[in-house]
Structure formats: C-alpha cells, structure tokens
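Reader: I'd like a close look at a single part of this model, please, rather than a quick tour of everything. Pick one stretch of backbone and tell me what it pairs with and what lies around it.

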Amino acid sequence: MSAADQLQGFLERTPYVRFLGFKAELDGDALVGVLPFSEHLVGNTFIPALHGGVIGAFLEMTALAQLFIVQPPGPRPKTIDVTIEYLKPGRAQTSYARAEVRKIGRRVANVHVDAWQDDPKQPFAALRGHFLLSTADR
Amino acid sequence: MSAGDPPPKEPPPEMYRQLAERMAGGTPQSQALGIQFISVTQGRGSMAVPWREDLVGDPDTQVIAGGVVTSLLDHTCGLAISSAAASSSGMFGTATLDLRIDYMRPARPRMGVTCEAHCYKLTRTIGFVRAEAWDEDRADPIATAQAAFALTGPRPA
C-alpha cells in the first residue's frame, strides 16, 4: 500500500477527522489540506468566523499528513509544539493549507504551514511546529 | 438545607454568568465539542471537554484528538481574557493573535480534558494568557499554552 493510501485510510477511520471534515488532496508528494466550511466550526457568530482552535487543528493536521507522506513507513509523528499565528478571520468558506517540511532530523521535524481561502499568497493563518518522528519516549 | 451544608456560594456577578453562557454554549464549535463551563473569576477561567467517541484522534488508542485540546485551550484563554476585560470596561470580544502549545504527552485513552487559563497581563488592546490542560491530575499536564489576544471592542448585547 502506498503512503498516500495509508494516509487516506488513516484519515477515513479517524473520528475527529470526520468531525472536522478534513480532507487531504495529494498530487505526488505535494499535499493540500482542505477544510470545507461547516456551521459547527464557527467560533464567532458575529462575523461569522472559524474558531481559532479549529484553525489550529486544521493546520496541525495538514502538517502531520504531510509528514506522513514524506516519512513513511513507521509510527505516526507526534506533535511536540506548535505556534499558530492568526492573520485575519477565517471566513465562512472552504479553507486550504499547504505544509513545508523545513527540516527532517533523525528524531525531530520542523514544519511550517500556511492556510488560505481565496488567494494562497494571502494566508489567514500560519503554523510552525516541531514533530517527533521516532518511537522513543520523550 | 441542613445545618451541616456549606453556605451557598455567592452567585457570580451577572456579567460573569453571561460570559460563561456565551463561552460554553454560545458558539457552534463549543456546542459541537460539548465544552462544559467550570468556573470563571477575574482573569481566570476553566472549562472541560468530556471524552466522546467522535472526538477521538487515534482510532488505535481511543485517545481524544489534539485538535480538541487546541480548541479547548484557545476557548479557555478567551474566557480568561474576557473575564479580565469585562470587570473594568464592559464586555469585549477577543481575537487570537497567536497561540503556542507544548504537548507534554497524549491524554489517556477515553479520558476528557480540563483546562484552566490565566490572563496575567491586560493592556488596553492586548491580553496575555497562559493555560494548562490535563486529563486526570493537574500536576501532570498534557499540554500548556501561551497566547496573545487582541481585544476587539464591545460586543452587541
């Protein structure tokens, strides 16, 4: 089974992925995370805007999915830390995200993710994070 | 009420009660996650998400998803800042500027998560917050967070 098939299989059987409605679109090793808008993702009904936690979860999921593709096989990477930057509100429409693996060491990967809605050059949120690749306990 | 019962606690000020309602049940995402309000005092807030099957992030272990913890941390930080801001100048909306989360360990299988956040500094426009999330024992956190929020002005009542 290819890494892409393994990833799709994992996403399909993970309840929280379905809860969010997250999808991963793959073109070779290039992955785009997709989060269709849904009412239950709203954190601010006045704007309305996506919940900050939902945006963070979406970015982190995109980073983990990208690592899954770049670094098969083996145990799933674990998040060590993330910094999420909120540039503008996430509007009530589909969001996209792309991860850039900045470095893969023996145990730790550094990943940056940008999320956008209309224009990839105008991200509404970004993440930078470290992810543990090895099975060893922290 | 018998003589042995503790005296009833003073009800929180009306503003805190409104805040609690608004934060726990007041947004579609917090409703969808089943976020439960625990407490709020000036500059401090606490909320929890009980474990639920559809919130599992790893089907092999039944551990609650990291994304749920992220939402809970963000939401509880918002409660802490709103409570810090509310007491001095009416009700404010908040917008997260950045949120840094350190993950100490995964939650235990089939366990919910509790979070407490503390707004330790508030300026006219920005609130600075720290938060911790744990499953069983507060002294053994699963994640800690540090965040900065912008105050977005009074909300319509």
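Author: Happy to! Two strands count as paired if DSSP finds at least two bridges between them. The strands and helices themselves are DSSP runs numbered from the N terminus, where a strand (E) needs at least two residues and a helix (H or I) at least four. Before we start, please keep in mind that this is a predicted model, in which local features need pLDDT of at least 70 and side-chain atom pairs count only at pLDDT 80 or more, while totals for chains, interfaces and linings use all residues. Residues are numbered from 1 along each chain as its sequence is written, and chains are lettered from A and ligands numbered from 1 in the order in which they are written.

Let's settle on β5 of chain A, which covers residues 78–86. This strand pairs with β5(B) in the antiparallel sense, over five bridges. One place to find that pairing is Glu85(A), whose bridge partner in β5(B) is Asp98(B).

β5(A) also pairs within its own chain: eight bridges link it to β8 (residues 125–132) of chain A, again antiparallel. There, Lys78(A) has Leu132(A) as its bridge partner. From β8(A) you can step on to β7 (residues 108–116) of chain A, as eight bridges join these two antiparallel strands. His112(A) is the residue opposite Arg128(A) in β8(A).

A good residue to click on next is Gly129(A), which lies in β8 of chain A. Gly129(A) is buried, because 23 other C-beta atoms lie within 10 Å; the cut-off for buried is 20 or more such atoms, exposed means 12 or fewer, and partly exposed is in between, with C-beta atoms placed from the backbone. Contact is judged with those backbone-placed C-beta atoms too, and two residues are in contact if theirs lie within 7 Å. Apart from neighbours within four places in sequence, Gly129(A) touches Thr79(A), Asp81(A), Val82(A) and Thr83(A), among others including Val111(A), Glu60(A) and Ala63(A). Val113(A) sits 16 residues from Gly129(A) in sequence, with 8.6 Å between their C-alpha atoms.

Helix α3 (residues 52–70) of chain A has 19 residues and spans 27 Å from first to last C-alpha. That is close to the expected 27 Å, a figure found as 1.5 Å times one less than the number of residues. α3(A) is largely enclosed by the rest of the structure, since 18 of its 19 residues are buried.

Back to the meeting of the chains, now from the other side. In total, 29 residues of chain B are in contact with 30 residues of chain A. On the side of chain B that touches chain A, α2 (28–33), β3, α3 (66–89) and β5 each supply at least two residues, and β5(B) gives the most, with nine. By class, that side holds 13 nonpolar, nine polar and seven charged residues. Here nonpolar means Ala, Val, Leu, Ile, Met, Phe, Trp, Tyr, Cys and Pro, charged means Asp, Glu, Lys and Arg, and the others, Gly among them, are polar.

If you follow the chain beyond β5(B), look in the loop between β5 (92–103) and β6 (113–122) of chain B for Arg110(B). Its phi is near 60°, a positive value in a residue other than glycine. Arg110(B) is partly exposed, with 14 other C-beta atoms within 10 Å.
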